[in-house]
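Q: I am new to this structure and would like a close look at a single part of it. Please take the salt bridges, and go through them one pair at a time.

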Amino acid sequence: MGDGVTDIVPGDFVILNWRAVCGRCRACRRGRPWYCFDTHNAASPMTLQDGTPLSAALGIGAFADKTLVHAGQCTKVDPTAPPEVVGLLGCGVMAGLGAAINTGGVTRGDTVAVIGCGGVGDAAIAGAELAGARTIIAVDVDDLKLLWATELGATHTINTGGMDTDAVVAEMQRLTDGFGADVVIDAVGRPETWKQAFYGRDLAGTVVLVGVPAPDYRLELPLIDVFGRGGSLKSSWYGDCLPSRDFPMLVDLYQQGRLPLEKFVSERIGIDDVEAAFAKMHEGSVLRSVVMFDGAGR
């Protein structure tokens with residue numbers, strides 16, 4: 001532990017996050033710390049034993065049994081929870097859950113569509129079910145992913161292989177009494193999927209973009225449609241989460257059997273299996289491969 005660390009002690013069971021809230025920026029001062037504009041990481045750089053500097057991915061690092069982080073990146077949670085399961089809240093699963101619950105504001109009785117049913121999209125589906133949505137539509141081109149989505153709470157599925165935007169939108173409307181969904185979450189981040197989300201929502205509905213677009217993607221849309229359809233067009237940053245608030249709550253819900261986080265763990269692997277796990281990820285044959293070290297983090 002470095003100087004000035006007071007909230008955690010050696011032996012605490014924590015989930016790491018990559019956006020340590022500063023508490024001082026204009027977003028934090030306005031009571032919106034989940035938008036913190038000055039998040040920070042460890043002040044000291046990570047190095048190998050010989051002094052070689054390391055660039056830690058997202059300020060956390062990966063594929064190592066030790067890392068150096070800011071104290072604010074550590075959130076204490078129930079120590080009886082399995083680390084390989086609840087650790088997934090540190091990134092993609094929280095992004096999806098938060099996109100539905102925090103950014104999208106899904107609540108009981110809502111209709112929801114999620115485009116892209118990988119780890120983030122399926123987490124959005126689980127979040128929508130947790131929030132009480134009555135209809136949850138999973139949209140993807142892969143039947144296996146649609147099966148996973150059903151297991152995590154989707155009530156309907158659309159395989160969009162060979163379908164254009166108009167056909168996808170028509171099917172989303174058919175499954176929502178002809179209106180479109182109250183909240184549509186784009187977990188892909190391509191112009192065509194965002195347009196499906198935009199036109200596939202109900203009037204005054206909400207679009208949430210949580211899939212990260214490539215820098216060269218461009219979107220062309222009639223401005224009158226933006227005005228005429230109303231509602232909200234939002235981007236979700238890390239599920240607009242506040243780790244100190246959301247991580248313990250979600251771990252408790254998992255422990256109570258109300259949030260099936262274990263379904264996101266497709267396999268447990270060793271450090272030597274990382275490259276093969278990346279290949280499986282690109283193939284779409286896993287939701288999450290979790291690297292296990294001796295002691296499992298205990």
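A: In this predicted model, a good place to begin is Glu192, which is partly exposed because its relative accessible area is 33%, between the limits of 20% and 50%. The side chain of Glu192 meets that of Arg190 in a salt bridge, with 2.7 Å from N to O, and Arg190 is likewise partly exposed, with a relative accessible area of 35%.

This pair belongs to a structure that holds seven salt bridges, and another of them joins Arg174 to Glu171, whose closest N and O atoms lie 2.7 Å apart. Both Arg174 and Glu171 sit in helix H6, which covers residues 165-174, and they are three residues apart, or about one turn of the helix. Arg174 counts as exposed, since its relative accessibility of 55% is over 50%, whereas Glu171, at 22% relative accessibility, counts as partly exposed.

A further salt bridge brings together the side chains of Arg268 and Glu84, at 3.2 Å from N to O. Here the pair links distant parts of the chain, for Arg268 belongs to strand E11 (residues 265-269) and Glu84 to helix H2 (residues 83-86), with their positions 184 residues apart. Glu84 counts as buried because its relative accessibility is 14%, which is under 20%, while Arg268, at 48% relative accessibility, counts as partly exposed.

How values were computed:
Residues are numbered from 1 along each chain as its sequence is written. This is a predicted model: local features need pLDDT of at least 70, side-chain atom pairs count only at pLDDT 80 or more; totals for chains, interfaces and linings use all residues. Side-chain values use heavy atoms; hydrogens and water are left out. A salt bridge is a side-chain nitrogen of Lys or Arg within 4 Å of a carboxyl oxygen of Asp or Glu. Helices (H or I, at least four residues) and strands (E, at least two) are DSSP runs, numbered from the N terminus. Buried means under 20% relative accessible area, exposed over 50%, partly exposed in between (1.4 Å probe, protein chains only).
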